[in-house]
Amino acid sequence: PSTQTQIAGFQFNNCLMNAAGVACMTIAELEEVKNSAAGSFVTKTATLEPRAGNPEPRYRDVPLGSINSMGLPNQGLAYYLNYLLDLQNREPERTFFLSLVGMSPDETHTILRQVQESGFTGLTELNLSCPNVPGKPQIAYDFETTEKLLGEVFAYFSKPLGVKLPPYFDIVHFDQAAAIFNKFPIKFVNCVNSIGNGLYVEDETVAIRPKNGFGGIGGEYIKPTALANVHAFYQRLNPAIQIIGTGGVLTGRDAFEHILCGASMVQVGTTLHKEGVSAFARITEELQAIMAEKGYETLEDFRGKLKYLG
Ligand SMILES: C=Cc1c(C(=O)O)[nH]c(=O)[nH]c1=O
């Protein structure tokens with residue numbers, strides 16, 4: 001069975017890749033993901049200028065997942081954009097993702113204009129869901145701001161662009177969010193970012209320093225929420241807008257469920273942080289075994305075909 005896929009017309013030889021934030025801060029990390037069984041990579045979300053991020057400890061692996069309040073540390077847009085421009089000349093047959101967001105709407109436009117004016121030929125993932133910059137609410141929880149921002153972006157941005165979304169927990173919010181995204185030539189939505197502002201306690205103390213221990217939750221804790229968001233948007237969005245599924249992927253079974261719920265690409269975060277890039281080959285083999293057992297040759301044979309109980 002083949003686990004190849006396509007997003008916005010770009011072919012990928014595998015439907016698995018890293019989630020932004022994990023194994024993607026430096027060129028060395030990105031090269032390692034690129035040279036693994038992963039079909040692509042996405043960079044750490046880039047801001048205009050480099051950022052140190054929040055004080056450590058700011059990321060912890062825990063038994064059922066992870067908690068982080070990194071605070072958007074990154075090397076700055078130029079670092080990632082220049083690497084991607086060089087890479088697309090070295091490997092023109094492959095496509096990669098650039099994740100970005102500004103610290104303000106104006107900065108977001110400045111960044112996107114730089115990408116627009118560059119020769120970047122890959123996919124852009126606008127992160128509307130960082131939960132860990134103190135004082136900055138997650139953009140995508142503010143529907144008015146999100147619609148205004150996207151309207152401004154698509155007035156000048158013509159390269160393929162998708163959005164990284166926080167999890168929603170209310171059916172009406174799925175309706176309202178999908179109605180906004182359906183207004184724009186968005187190529188994909190990536191559901192979900194970490195579940196914001198969880199609290200992990202060890203004995204009597206928090207596990208991370210920033211925000212008195214509050215941080216985004218990933219891993220096994222979040223798969224039901226991730227699958228629900230993947231499927232809710234799959235049900236509601238214009239079919240021209242594809243879904244990237246992120247959250248709770250430990251095994252081929254989890255990847256299968258994301259695709260069954262409608263995902264065209266599946267991202268791995270916490271598991272990649274814990275296991276390293278060998279996770280991609282393992283999860284791929286597990287997914288192929290499930291497909292073989294069920295007689296599915298391609299992802300198309302089961303994508304979005306979640307059965308209801310009638
Ligand atoms: C880009 C900031 C993010 C961060 C962060 O850098 O704190 N952590 C997340 O779990 N999701 C994010 O989107």
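These are my notebook entries on a ligand site, some aromatic rings and a few odd spots in the backbone.

**Entry 1: what I'm looking at.** I'm working with a predicted model, so every number below is computed from it.

**Entry 2: the ligand's neighbours.** I started with the ligand and asked which residues come nearest to it. There are 14 residues around the ligand, and the nearest are Lys-44, Asn-68, Cys-130, Asn-193 and Ser-194. Next I sorted the shell by type: I got eight polar residues, five nonpolar ones and one charged.

**Entry 3: polar contacts.** I then looked for N or O atoms of the protein that reach an oxygen atom of the ligand. In the side chain of Asn-68, an N or O atom sits 2.8 Å from a ligand oxygen. Asn-132 also uses its side chain, with an N or O atom 2.9 Å from an oxygen of the ligand. Met-70 uses its backbone instead: an N or O atom there is 3.1 Å from a ligand oxygen. I noted that these pairs fit the cut-off for a polar contact, which is 3.5 Å.

How much of the ligand's accessible area does the protein cover? On its own the ligand has 320 Å², and the protein covers 93% of that. I also checked the pockets, and the ligand takes up the space of the largest one.

**Entry 4: aromatic rings.** I moved on to ring pairs and found 14 aromatic pairs in the structure. I picked out Phe-97 and Phe-188, whose rings are 5.7 Å apart, centre to centre. Their planes make an angle of 75°, so I wrote the pair down as edge-to-face, since over 60 degrees counts as that. Where do these two sit in the chain? Phe-97 belongs to strand E6 (residues 97-100) and Phe-188 to strand E9 (residues 188-191), so their pairing ties together parts 91 residues apart in sequence.

**Entry 5: backbone oddities.** Last, I went hunting for unusual backbone angles. Glu-56 and Pro-57 are joined by a cis peptide bond, with omega near -5°. I found Pro-57 in the loop between helix H1 (27-34) and strand E4 (59-62). Another cis bond links Cys-191 to Val-192, and there omega is about 10°. Val-192 is in the loop between E9 and strand E10 (195-199).

My final note is on Asn-197, which lies in strand E10. Asn-197 isn't a glycine, yet its phi is positive, about 60°.

Methods
Residues numbered from 1 in each chain as written. Predicted model: local features only at pLDDT ≥ 70, side-chain atom pairs only at ≥ 80, totals over all residues. Heavy atoms only, no water. Near = heavy atom within 4 Å. Polar contact = N/O pair within 3.5 Å; in protein donor to acceptor, adjacent residues only side chain to side chain. Areas by Shrake-Rupley, 256 points an atom, 1.4 Å probe, with all protein chains shown as cover. 1 Å grid on protein atoms, 1.4 Å probe; cavity = no way out; pocket = protein on both sides within 12 Å on 5 of 7 lines; lining within 4 Å. Sits in = over half its atoms within 2 Å of the grid points. Nonpolar A, V, L, I, M, F, W, Y, C, P; charged D, E, K, R; others polar. Phe/Tyr/Trp six-rings, centres within 6.5 Å; stacked < 30°, edge-to-face > 60°. Helix = DSSP H or I, 4+ residues; strand = E, 2+ residues; numbered from the N terminus.
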